[in-house]
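Biologist: Could you walk me through this one, term by term? I would like to see how each word is earned.

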Amino acid sequence: MIRTLMISDLHLCRGDRSLFRGLGLRIEAGEAVALTGRNGAGKTSLLRAVAGLIRPTEGEISFTDADGAPLPTEDARSRDLHFLSHQDGLKPGRTAWEELLFQVLWTGGQRTDAEAACVRLDLGRLRDLEVRKLSAGQRRRLALARLIASPRRLWLLDEPLAPLDAERRVAFGEIMAEHLAGGGLILAAVHDPLPIPTRGLEVGA
Amino acid sequence: MTGLRALLGRELALSWGRGGGALLALAFYLAMATLLPLAAGPEPARLAAVAPGSAWLALALASLLSLERLFERDYEDGALDLLALGPAPLEAVAFAKCLAQWITTSAPLALMAPVVATALGAPPDLAPITVVAALAGGLGFSFCGGIGAALSLGSRRGGVLIAVIVLPLFAPPVIFGAGAIEAFGAGLDWKTGMALLGAYSLSAVAVGPFAMAAACRNALS
């Protein structure tokens, strides 16, 4: 179980371009950090580096458990981390329920959890619709349902609220607050402030 | 395990479902079998001679058709990120994907191979060995082809690249498989060819997933 995320002296490059260097960050259980910065500053790349999808040029990303002991990085990433990118990976030709169920089972959740998440995010009427027929906001809610249905501590969110309406933003704010209260960690790239108390970090400043 | 079973189910559904490759490959196979007599001439003797070989050609080309979708779609829509972050390693993901590809594309083609070969005039007693050879060869095609599909991720005109990478790798199973069928028909030793075909496919199954996972990680980073 991830209790702390530590990033020290991180240097990220995309191609030949250096995005930022010397970035340090520590997130404890129950904390949310909002990453800000102009387009192309490297917010998404930072999230992908934490998820282990891109390799840092320099620096270290590590996770520790409740006793402060370091966790094996691969294990922590594959069992206790959700990465929600702006691409949701939902297949247009399958129904909302089929896709949600697959994502939940794949990330280690249960069928009953997926059903509960469906109710929580008000997806009941969309269940049997093909993903291609959903609006951007509905697709995002479907992607968010995975976060609640399979319990993982660290949430990496890339613009999580962008396509949601005002009411749903408040509702997702409550979900994030619950996650933090239960010992979760959130690292989110945002342009608009999140509806929960966060610490800010500007990338590429 | 639940996750991998869910993944296999999803892959099978995607492949069979709308826009999937399985029916397309079958249609391609049938079209080729229909056009062959028109192109090569309708004399039964000539058709019977080329029938077993053409079945292999169709099998190789039809598997090639559906390979482009194997990783490319998941890569483009972000699902590969999710697959990389599951409890199962990417090697297992690649294995499940190729297995699903074999079940939905190669296996139906293998079952049709003797029908098409017989329709083209091959002796019916070649049917059993044709099925076995096509099933084994199809396994090799799926797992070797998967390497090409993973290596071409993120490149423009990936389909062309897959063909260029994979076609030389497809040559040995075609030689062994078609050779074994021909030897069987002529009453010669066919077991060596089948053994080599089996060895080729099994080593593709054993080595392929590691190469595919490495290529996927490289494409994601």
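Modeller: Here is a short conversation about the terms used for this structure.

Modeller: This is a predicted model, in which local features need pLDDT of at least 70 and side-chain atom pairs count only at pLDDT 80 or more, while totals for chains, interfaces and linings use all residues. Residues are numbered from 1 along each chain as its sequence is written, and chains are lettered from A and ligands numbered from 1 in the order in which they are written.

Biologist: What makes up the secondary structure of chain A?

Modeller: Chain A has 6 helices and 8 strands, where helices (H or I, at least four residues) and strands (E, at least two) are DSSP runs numbered from the N terminus. Along the sequence the pattern is β-β-β-α-β-α-β-α-α-α-β-α-β-β.

Biologist: Why is chain A called as compact as a globular protein of that length?

Modeller: The globule rule is 2.2 Å times the number of residues to the power 0.38, and the radius of gyration is taken over C-alpha atoms. For 205 residues the rule gives 17 Å and chain A has 17 Å, so chain A is as compact as a globular protein of that length. Its C-alpha atoms fill a box of roughly 50 × 35 × 30 Å along the principal axes.

Biologist: And how does chain B fit the rule with its 221 residues?

Modeller: A compact globule with 221 residues would have a radius of gyration near 17 Å, and the 18 Å of chain B agrees with that. Chain B has 9 helices and 0 strands, and its C-alpha trace spans about 55 × 35 × 30 Å along the principal axes.

Biologist: What makes β5-β6-β7-β3-β8 of chain A an open sheet, and which are its edge strands?

Modeller: Two strands pair if DSSP finds at least two bridges between them. The 5 strands, in that order, pair in parallel, and the edge strands β5 (81–84) and β8 (199–202) of chain A each pair on one side only. Neighbouring strands are turned by 15° against each other on average, direction ignored.

Biologist: How do you know that β3 of chain A pairs with β8(A)?

Modeller: There are 4 bridges between β3 (residues 32–36) of chain A and β8(A), and the criterion asks for at least two, so the two strands count as paired. Within them, T36(A) stands opposite E202(A).

Biologist: What makes α3 and α5 of chain A a crossing pair?

Modeller: Axes are lines fitted to C-alpha atoms, for helices over the stretch in contact, with angles from 0 to 180 degrees between N-to-C directions. By that measure, α3 (residues 96–106) and α5 (residues 136–149) of chain A come within 9 Å and cross at roughly 35°. The crossing is right-handed, a word used if the near helix is turned clockwise from the far one by less than a right angle. Residues making the contact include L100(A) of α3(A) and A145(A) of α5(A).

Biologist: What is a nonpolar core, and which residues touch the most other members of the largest one?

Modeller: A nonpolar core is a set of buried Ala, Val, Leu, Ile, Met, Phe, Trp, Tyr and Cys residues joined through C-beta atoms within 7 Å. Buried means that 20 or more other C-beta atoms, placed from the backbone, lie within 10 Å of the residue's own. The largest core has 126 residues, and those touching the most other members are A145(A), L156(A), L187(A), A188(A), L59(B), A113(B) and A150(B). Helix α6 (residues 90–119) of chain B gives the largest share, 14 residues.

Conventions:
A residue is buried if 20 or more other C-beta atoms lie within 10 Å of its own, exposed if 12 or fewer, and partly exposed in between; C-beta atoms are placed from the backbone. Two residues are in contact if their C-beta atoms, placed from the backbone, lie within 7 Å.
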